[in-house]
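Biologist: Please take a close look at one part of this model, the contact between its two chains, and describe it from the side of the first chain.

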Amino acid sequence: MLLKRICWVFSIILLAAVSAHAEPTIEEGKSLFGANCAACHNKNMKDDLTGPALAGVEDRWADFPREDLYKWIRNSQAMVSEGHPRAVELWNTWKPTLMNNFPGLTDEQIESIILYINNPAPPRPPDEKPEGATSGGGGNNMWMFGALALVLALLAFALMRIIDNLRNITRVQRGDAPINRTLAQVLSTKGAVAFMVFALTLIFGYKTVDNATNMGRQQSYQPDQPIAFSHQIHAGVNKIDCQYCHDSARRSKHSLIPGTNTCMNCHSAVKKGTITGTSEITKIFASIGFDPITGQYIPDYENWSEKQIEDLYKKWIGQEYMSANSLSAMNETGRSLVQAEWEGVVKALKNDSNGKIQGPIEWVRVHNLPDHVYFNHAQHVSIGQVECQKCHGPVEEMEVVYQYSTLGMGWCINCHRETDVKFQDNEYYKQYERYHQELKDGKRANVKVADIGGLECQKCHY
Amino acid sequence: MHHDNGIWVSTEDLNKEESFLQAAEKEFSVENMAETDGNWTASRRDFLKLMGFGLGAATLAASCEIPVKKAIPYVTKPDDIVPGVANYFASSFVNGGDYCAVLVKTREGRPIKIEGNTLSSVTSGGTSARAQAQVLSLYDTRRIKTAGTIEEGAVKAMGWADLDNKIKGQLQLGGNVRLITNTIVSPTAKKALAEFMEKYPNSKVVTYDPVSSAALLAANQQCFGVRGIPTYKFGEADVIVSFDADFLGTWISPVEYARDYAAKRKIKSMKGASMSRHYQVEGKMTLTGSNADNRIQIKPSELGAAICTLYNEVAAKLGGSSISAPALNDKAKAALKKVAAELVANQGKSLVISGSNNIMEQVIVNKINDLLGNINQTIDFGTINNLRQGDERDMARLIGEMNAGQVQVAIVWGANPAFELPNAKQFKDAFAKVNTRISFSGTMDETTALCTHAAPANHQLESWGDAEPKTGHYSLIQPTIAPLFDTRQAEHSLLEWADSANLNRQDEQPYYQYLKSHWASELFGSQSKYSTPAAFWDMSLHDGVFEAPAAATTVSFNPGISLNAAAVTQPGSSEVEIAFYETVNIGNGQYAHNPWLQEMPDPLHRTVWGNYLSIPVEWDGVNEINGWKGLNDGDNVEVEVNGQKLTCTVVRTFGQLPGTVAIALGGGRETGGCGVGFGVNVNPWLPVDGGLTQYFAKEAKISDKVGVDKKFACVQYHHTMGVTAMGKEEGAIINADEKTLGNKGFQGALTDRSIIFQVNLNELPELSEKMAEFHQKAKHLNEQTLYPDNTDFYGTGLKWGMYIDLNSCIGCGACQVACVSENNVPVVGKTEVHRHHEMTWLRIDRYFYGDLENPKVVYQPMMCQHCDNAPCENVCPVNATNHSMEGINQMAYNRCIGTRYCANNCPYKVRRFNWLDYTTADTWPANEEQVFWAEGDEKPYYADNLVRMVLNPDVTVRSRGVIEKCSFCIQRIQEGKLTAKQENRAVLDNDVRTACQTACPTGAIVFGNLNNPESEVSKARKEMGPLAYQVLEEINTRPGVEYSAKVHNANEEMFS
């Protein structure tokens, strides 16, 4: 429903903007595709998603007039009921999944989308390194330091020998017996011991402070989640925009873990996972009360007993198992699979704070800021236009999400030191008259976040 | 008898006593730590033991796993809730006759803050301390959680259906039913009541008010044929004479009156500055009296005489017949003669009001207004104020009926007669004779404890409802959270018991539908803006208010009324009279269970947690000021009124007329919440005259000192700044703060410190000149500085600043409670306040000046001044407090190590230290023992998760051992800036409004960007010219807060 509404709004906005974009372009097509189609159709154009892959759509509709394709996009069900052969064929393949209506799209806009479908984004150039791939350099440095230390140690040893020899020469000249100190004797002199104590204290102290700073930090924290949700599939393969699910990031301090109803926008149609089958998606259904067999929400799900829920979803899992394996009756493997998957549902949804299946999914929070820190996503996402990946890492490659950054204060501060403020684009920054003057006069190349108070305590601590 | 030194705060200050110096030194009162229960002495061995334990604990803690945190999303996310973004709902605060149109701020579906609703023409966005504190009472752990029968003061749970059946069974027996209520201002609730009474014709509503205005209502009925309270237009009156009516604090509609009153008294420009003149005739000092230009002191029993005297004076000038006024003291008599002359000169533009509860006195006041032509001018009977409707004489009749066994069912709704009535004892005895006694109360108050059935109503923040505070001014109440407990709206219960056909029980919120249909049928027709009831409802709910002002109507004084001076109170002749009054925070006990209000210092006495006996101070005619009978603050005395003795704690009060004492109502609650055990219940002392409760007694016997309140909690001597005193040894006048620091002789030590500037209106130009000179001098002094010049640093971008108009500040304390609510400032309890450990970020300093026996008062809200050259910042060894380029003195709690150097070095004494774990923020149970812990609770107040729901999630909850202070509501600043950025525009005044600013009913506090010359705050400062000043300007701290000089408009010749 929400998705539909969003689509409507987009359509209306686009309709209003139509006169400005009469000529179809790939760029326009890309943005239209992102806004209207990408939620159901795969961005790689090759694989099916909620809806079919769109590559070659022109060829498939080649037998019919172009207008038919337009009509299909604007209102597919109308064509199905009219009995259009291509429409009926598609419906039979994909029902009960409905395609949303897009009455607001103009012919030109649809052409733009088709243009984009035929020319999707070029693949990432091979020389572009993914972020965070530079960590190998640190090891090399260590080797260099090690070698240097070794050389210096040898040098120090050699110097010590020279001093000893010189001292012995003078002793001999004075007529005293030379003293030949062993290495052990050298190392146990007052100076050497003092130096070593000093060095150890320094190293120990440094390590202590360093480790103490890391206390409470959870970089690389990768907990198990109640649902084996894969960002790699959703954000990577299916290219769903981050903010489609984390829709508060642009307007609130929290990015928000989406409610089950957001999942259902797609999963009311996508009822089985490509890898996990029924085992994970059934958990969503059991949380919100969706009957995947009838495709309907269960009206008084709140009051259902656990037995009722168990019967329904076991039936669903079993039915899917049988159809996947073309069985006409349940076998032993199937029964144990159904039982195992059901137990997985119970484990994921039933817990101490919620003693029943129905209700919210308790995810394990991955990113925990240190205490006493105020962080606002909206400021960074909407105003700073920071890419999600900058802090969260390559989430689209993560099968299970882990904490990519340290989330430590030094890490925040460094970014504030290095990042340019989008100074010219926002009227808000007009008040920094001096900076604008300096920019104009060429005295200043840019304005960093630090220049407008980004390092001050009460930007984040209050 | 003018005191040379200008301003003072107390007798010790005036006497320049060593004890005052010591009190001033006790900023943190460390030595008191040892006085209290804990064993705080520590030996070297203890130190080693603790250190060993500490190391061990730290090691253990470090090796522990980091706890797994959960993130729980919605199942179906509501469209209108974005977690992390606040929602505001327009609603109303109504409690009996207290009303305020409000916005309720909710976060993730829980109410956390009350703001004023600017769309209401009644309160215009102002709030009161009581309204601000409402949100805390929602999360009261002592709320009754279920319906049921009441046995031995506790509720025995019973389902609502069972309760309904039982009560309906009782009602259907056909006996007499009585509903006992305070004033009800809800038209829809009245409709529900009407339905109930239709179903049970033997039922009757009996209404009284906790503090009565019955005489005023009765007098208006006699004089004008209207049993109602008119709209008083304080904003249109040039001369205001108030006979003991505390209209700025507690009388009828204080938020509305304060706004109008202050508007007429703002100095907008130096040229032709004008303001109204306010005479207050009273014996004790009320909040209103403390703001008056001239106070005329009388004994409480002389009020009738004073009214008659004024009448005679006015009548003599305007051709009325005179009456034989009872004797009045000569001073007051002479003063009233001058008042009369001024009133006569301002006919139609003056206002005379009285708070007395004697019908003839109110009739004479009406007559005075009639003679002056004020009726239909400053007194508008076209718009009736509905906030007081009760008559305690009905209660007396009810007690008679109950005693006679004529009442079978009693339903108590919002009233607490077993505590509030002067004849509570008779009420209790009679009440016991009623067969079925039902209470709607949400807490186990004194009356509910006597009932047989509890049908607990929702808290107002969980309820639907409406209010009509004034004719044609409607206001909606909407729930902002689902009921926390198994409670039900009182209106719903009544309709349920009445088997109402209009209540759709199938509906999720039946009373909501009932309310909506009432608005559609009754109010929709009175407007033409919206064409459908649905649109009308939606917009009204959005706005919170709907106003359909009544057509102007005029009334005329009933010529048949004869004035009878014999019917007014005759002056008493005893040695000591006692007056009883309502405070802005506690009322008559209705708010005693709200810790925010209990810990808000009384504006005048600055005492907390209880009611104290105000006694006069005496000047020995030479050089000593002493408490009456040699009593000191905190001494206990035995007071006997009407043969009943109570032990009260004394507080010496300037402006208290010799021969009189006064004590506030509302102390000594017996059941129902955390206010139990604080103060004394003086309601049984209230005399009843002609059925009407009198708020004074002609005779009180007061013993000598019988003991001391060891935990006497008065913030008067805490955090004093810049007050001079005399050292006993050197005999010279020295600065108390500098003495504390030991910096005698350094800059600022012996200068006249600039804290308060005050003047009478006629000398305004002189003060202006004087202040211009002072600014010059301070500027010159401040040029000799080691501080770097930061003009450029602060000159770009934003620079936050505040302006406080002392002329508008009436000291009501709404800002203080708003600050506590917004910033998670903890309640510390009486013991801790006694130890100088109160945590409020904003305090309202009260200074006296002028005549020692009848001084004037200045209130000064004092919070962190955000000095650009902040003395606190330099001394912090860990740089936990430093300055931002937006001019904010920042406090990083997690960096603070608690040396308290900053607090020591703060000249304004606004930094607060967390001596204990007040909010139970960390998990060591040993830390919880001494924090605020209400009697009978299983854990400290803040340790309860229900109470913690009130915390503002955007503000850190501070732990033990750190300093905290006003942050200029930094969370609001950050939010406002983000809004501006998202909307791609500059920051406007409305983006950032501090909690104290929005709470203020008079608009005394203005906040904004000083770098923008067009901002409200820049303009306000500029307009005031030299009258705007910084506190301690001469010590070069460069504060971000400016104040304006206090201007009074006193009739100077009156006392000469």
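Modeller: What follows covers that contact and the strand pairing across it, then one helix of chain B.

This is a predicted model, in which local features need pLDDT of at least 70 and side-chain atom pairs count only at pLDDT 80 or more, while totals for chains, interfaces and linings use all residues. Residues are numbered from 1 along each chain as its sequence is written, and chains are lettered from A and ligands numbered from 1 in the order in which they are written.

Chain A puts 48 residues into the contact and chain B puts in 43; two residues are in contact if their C-beta atoms, placed from the backbone, lie within 7 Å. On the chain A side, the elements giving two or more residues are α13 (260–267), α14 (278–288), β3 (363–364), α17 (377–383) and α20 (433–441). Helices (H or I, at least four residues) and strands (E, at least two) are DSSP runs, numbered from the N terminus. The most comes from α17(A), with 4 residues. By type, this side of chain A divides into 19 nonpolar, 20 polar and 9 charged residues; Ala, Val, Leu, Ile, Met, Phe, Trp, Tyr, Cys and Pro count as nonpolar, Asp, Glu, Lys and Arg as charged, and the others, Gly among them, as polar.

β3(A) also pairs across the chains: 2 bridges join it to β2 (residues 70–71) of chain B, and the two strands run antiparallel. Pairing requires that DSSP finds at least two bridges between the strands. Within this pair, Trp363(A) stands opposite Ala71(B).

As for the helix in chain B, Gly225(B), just after α8(B), takes a positive phi of about 75°. The buried residues of α8(B) pack against elements of chain B including β10 (229–232) and α14 (392–403); a residue is buried if 20 or more other C-beta atoms lie within 10 Å of its own, exposed if 12 or fewer, and partly exposed in between, with C-beta atoms placed from the backbone.
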